[in-house]
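Biologist: Please pick one part of this model and take me through it closely. I would like the cross-link first, then whatever connects to it.

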Amino acid sequence: MRFRAELFLLALVAATPEIRYFRYERPIQSLAQSSGQNCLVLDGGIFAHAAPQLADLRLYLGETETPFVVRTSTPQQADDKSIVPLNVGVRGGQTVFDAKLPDGQYSDIQLAMKAQNFIATVTVTGSSDETGSGATKLGMFTVFDLSGQKLGRSTVLHLPESDFPFLHFSIKGPLPPESVTGISVVRVSTTQARYLTVAESSHAAPKGHSSVFEITVPANVPVDRIAFTPGASPAQFSRDVSITAEPVSESKAAVDAQSAQQVSFSGDLLRVHSLQNGHRIDEEHLAINAPWADSSSPTMWTISIENGDDAPLNLESVQLQMLQRSLCFDAETNSSYALFYGDPALSAPSYDYAKLFVPQAGASQVVAGPEQLNAVYQPRPDERPFTEKHPSLLWAALAAVIALLGLIALRSVKAVKPPPA
């Protein structure tokens with residue numbers, strides 16, 4: 001069995017791309033008339049009909065394969081390492097502390113606090129040294145925990161993009177020094193994260209105290225986050241959300257075999273716009289990141305919003321989204337390019353162009369035309385060895401050989417006469 005698998009993998013590695021073996025093609029439209037770097041956004045339709053991870057995607061100029069690179073829009077990333085507060089204490093009746101930030105630009109700051117049911121104001125300044133001399137004020141921010149009102153919690157400070165090596169915090173409110181346990185930062189991405197909707201639903205099925213959305217995503221289409229679009233009411237809410245993604249198959253046996261691939265995770269939705277105890281609170285969390293990118297099978301996503309004893313949210317839509325992926329290449333003047341895909345025998349290409357790629361600010365933005373069947377398509381011939389194509393014949397021949405050897409052995413035993421007494 002292992003030998004057969006190795007032969008099959010060898011056949012895949014040896015496969016070379018040819019236009020006639022691609023099932024689908026899409027012409028590149030709006031191509032610039034001059035040469036230079038061109039980029040196009042890859043939509044969900046390409047992922048649905050291409051091999052996993054776009055391994056069989058190729059770009060052609062006429063019959064010549066053209067190198068390219070696929071770039072993924074990068075969201076802001078939280079720093080997993082918690083920063084320990086420095087010089088924690090009380091000054092002027094307010095909790096104060098400092099923090100040494102890692103090198104580089106950052107934006108949002110997450111405060112870790114072991115406190116509940118509070119509203120406080122945090123003033124943040126930045127400086128080049130721990131003493132805070134010549135500090136620059138970065139803003140005043142409201143943090144809160146409204147668990148008692150079932151309105152959730154937020155301890156995120158939305159700072160302007162900064163690179164101060166030291167930050168200084170002053171908290172006005174019912175938060176003693178021991179309630180502050182650490183901070184973490186969100187790095188500023190060099191490019192703004194962009195998302196494309198790959199599937200959506202506006203219909204929720206009631207199930208007990210929950211509103212349940214079921215959305216199917218085609219095979220190989222990545223999902224990076226779930227975005228919720230609520231209506232105008234209710235004006236304030238905080239709801240827990242549980243999400244399950246699992247492969248879909250018509251065969252029960254296949255479903256049982258794929259059960260290990262099921263992924264479950266949770267998040268929360270929050271919208272608070274109110275004035276409480278003199279503090280203006282404006283906070284919204286209306287998207288949940290998905291930890292599972294894609295599946296080689298169609299996938300059913302079940303999104304369950306826990307309403308408790310409140311009325312269900314009036315959601316206009318629930319959208320499954322993927323980070324925008326762009327294909328970039330260097331175009332020749334007045335030339336026609338086309339994307340080809342749909343040949344699962346191919347492995348991902350390796351181009352020097354991708355390794356040495358440098359994005360250009362003035363790159364031309366182009367689009368892929370409608371998907372169409374490749375007019376010259378033909379199935380790739382089965383190049384496996386004869387024994388791989390017809391394993392039953394191999395077993396039949398083996399059984400025949402065993403039977404023949406058994407017959408010969410039996411005749412040999414009968415032909416041997418016993419020695420005289």
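Modeller: What follows starts with the whole chain, then turns to the cross-link and its surroundings. The model is predicted: local features need pLDDT of at least 70, side-chain atom pairs count only at pLDDT 80 or more, and totals for chains, interfaces and linings use all residues. Residues are numbered from 1 along each chain as its sequence is written, and side-chain values use heavy atoms, with hydrogens and water left out.

First, the setting. The protein has 28 strands and 6 helices (DSSP runs numbered from the N terminus; helices are H or I with at least four residues, strands E with at least two). It has 421 residues, and 40% of them count as buried (under 20% relative accessible area; exposed is over 50%, partly exposed in between; 1.4 Å probe, protein chains only). Among contacts (heavy atoms within 4.5 Å) with a separation of 6 or more, 82% join residues 24 or more positions apart. The accessible surface is about 23,200 Å², and carbon and sulfur atoms hold 55% of that (Shrake-Rupley method, 1.4 Å probe; for residues, only the protein chains shown count as cover).

Now the cross-link. The count is 1 disulfide (two cysteine sulfur atoms within 2.5 Å). Its partners are Cys 39 and Cys 328, with sulfur atoms 2.1 Å apart. The pair links distant parts of the chain, 289 residues apart. Cys 39 sits in strand E2, residues 36–42. Cys 328 sits in strand E25, residues 325–331. The torsion about the S-S bond is about 110 degrees, so this disulfide is right-handed. Both ends are covered: Cys 39 is buried at 7% relative accessibility, and Cys 328 is buried at 2%.

Follow the chain on from E25. Asn 334 lies in the loop between E25 and strand E26 (337–341). It is exposed, with 57% relative accessibility. Its phi is positive, about 50 degrees, although Asn 334 is not a glycine. Most residues other than glycine have a negative phi, and most peptide bonds are trans.

Next, helix H2. Gly 44 is in this helix, and is partly exposed at 22% relative accessible area. Leaving aside neighbours within four places in sequence, Gly 44 is in contact with Met 322 and Val 221. Its C-alpha is also 9.0 Å from that of Asn 220, though 176 residues separate Gly 44 and Asn 220 in sequence. Gln 53 belongs to the loop between H2 (44–49) and strand E3 (58–61). Gln 53 has a positive phi too, about 60 degrees. At 60% relative accessibility, Gln 53 is exposed.

Val 221 leads to the empty space inside. There is 1 cavity of 30 Å³ or more (points on a 1 Å grid over the protein atoms alone, where a 1.4 Å probe fits but cannot get out; lining residues have an atom within 4 Å of a point). The largest cavity holds about 60 Å³ (the space filled by probe spheres set on points joined across faces, edges and corners). It is lined by 13 residues; Val 221, Asp 294, Ser 295, Thr 299 and Trp 301 are the closest to its centre. The lining has 8 nonpolar, 4 polar and 1 charged residues (Ala, Val, Leu, Ile, Met, Phe, Trp, Tyr, Cys and Pro are nonpolar; Asp, Glu, Lys and Arg charged; the others, Gly among them, polar).

One more backbone feature. The peptide bond from Ser 233 to Pro 234 is cis, with omega near -5 degrees. Pro 234 falls in the loop between strand E18 (225–230) and strand E19 (237–247).

Note on methods: On a 1 Å grid over the protein atoms alone, a cavity is a set of points where a 1.4 Å probe fits but cannot get out, and a pocket is an open set with protein on both sides within 12 Å along at least five of seven lines; lining residues have an atom within 4 Å of a point.
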